[in-house]
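Me: I'd like a close look at a single part of this one, with its surroundings thrown in. Here's what I have open.

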Amino acid sequence: MGNVLVKRIGQGKQSTLSYLFVDGEFVCYVLEDAIRDVKIKGDTAIPAGIYPLILNTYGAMNARYKRRFPEFHQGMIEIKEIPNYSYVYIHIGNSIGDTSGCILVGTSWEMIEGDYELRKSRKAYVSLYKKLIGKMASKVVSLEIRNEMLDSDIVT
């Protein structure tokens with residue numbers, strides 16, 4: 001089984017910063033909405049847990065990414081089986097304004113007015129997508145999300 005780990009390391013006012021590892025290797029940073037005890041639709045991070053990843057080959061976002069990355073796009077990487085969530089993807093974006101409960105990726109981050117923002121999201125997405133697409137073709141790939149929240153561990 002392929003393994004993707006999202007290790008949450010920091011909480012901003014409305015944002016959550018994480019490291020993302022594939023098979024133990026750091027690949028990029030992750031940005032999500034704030035962690036909340038009670039879900040607010042479109043404004044809440046995915047609950048900690050283990051979820052399967054699939055390729056979603058329909059919908060408007062898939063069509064946009066197919067046009068944007070025709071040389072390698074085979075479907076949106078969707079995180080499945082999240083209680084009370086649907087259509088949760090890993091995709092490009094820089095701030096929590098770019099997500100509605102999805103996972104955004106970037107190669108670096110900044111703290112802007114109390115919230116995390118990602119940089120070079122497209123570069124991180126392409127790198128991660130190419131790592132995952134081969135694994136997903138040949139085996140089940142799962143994503144584990146852990147709340148660790150040790151701000152002292154954040155590498156800048």
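Which residues of α2 are buried?

Reply: Bear in mind that this is a predicted model. The buried residues of α2 are S121, A124, Y125, V126, L128, Y129, L132, I133, K135 and M136. As background, an α-helix has 3.6 residues a turn, so residues three or four places apart point the same way.

The helix itself passes a simple length check: with 18 residues at 1.5 Å each, α2 should span 26 Å, and its end C-alpha atoms are indeed 26 Å apart, so the two agree.

Now for what α2 packs into. The largest nonpolar core has 37 residues, and α2 supplies its largest share, eight residues. In general, nonpolar side chains in soluble globular proteins tend to be buried together. I79 and L143 are the residues with the most contacts inside that core. Take L143: setting aside its neighbours within four places in sequence, it touches V4, V6, G49, I50, Y51, L53, I79, I90 and I103. There's also another core lying apart from the big one, with eleven residues, among them L5, I9, Y19 and L104.

Aromatics are the other thread to follow. The whole structure holds 13 aromatic pairs. In one of them, the rings of Y19 and F26 sit 5.6 Å apart at their centres with planes at 85 degrees, which is over 60 and so makes the pair edge-to-face. Y19 counts as buried because its relative accessibility is 8%, while F26, at 36%, counts as partly exposed.

The pair that matters for your helix is F72 with Y129, which is tilted: 5.5 Å from centre to centre and 50 degrees between the planes. This one links distant parts of the chain, since F72 belongs to the loop between α1 (60-68) and β5 (76-79), whereas Y129 is in α2 (residues 121-138), 57 residues away. Both F72 and Y129 are buried. They also belong to one aromatic cluster, made up of Y65, F69, F72, Y125 and Y129, and Y125 is on the buried list of α2 too.

One more from that list is K135. If you're tempted to relate it to R64 over in helix α1, note that R64 and K135 are 71 residues apart in sequence and 23 Å apart in space, C-alpha to C-alpha. R64 counts as partly exposed, because its relative accessibility is 42%. For a charge placed over a ring, look at K39, which lies over the face of Y85, 3.8 Å from the ring centre.

Terms used:
Residues are numbered from 1 along each chain as its sequence is written. This is a predicted model: local features need pLDDT of at least 70, side-chain atom pairs count only at pLDDT 80 or more; totals for chains, interfaces and linings use all residues. Side-chain values use heavy atoms; hydrogens and water are left out. Rings of Phe, Tyr and Trp (its six-membered ring) pair if their centres lie within 6.5 Å; planes under 30 degrees apart count as stacked, over 60 as edge-to-face and the rest as tilted. Buried means under 20% relative accessible area, exposed over 50%, partly exposed in between (1.4 Å probe, protein chains only). Helices (H or I, at least four residues) and strands (E, at least two) are DSSP runs, numbered from the N terminus. A charge sits over a ring if NZ of Lys or CZ of Arg is within 6 Å of the ring centre and within 35 degrees of the ring normal. The expected span of a helix is 1.5 Å times one less than its number of residues. A nonpolar core is a set of buried Ala, Val, Leu, Ile, Met, Phe, Trp, Tyr and Cys residues joined through side-chain atoms within 4.5 Å. Contact means heavy atoms within 4.5 Å.
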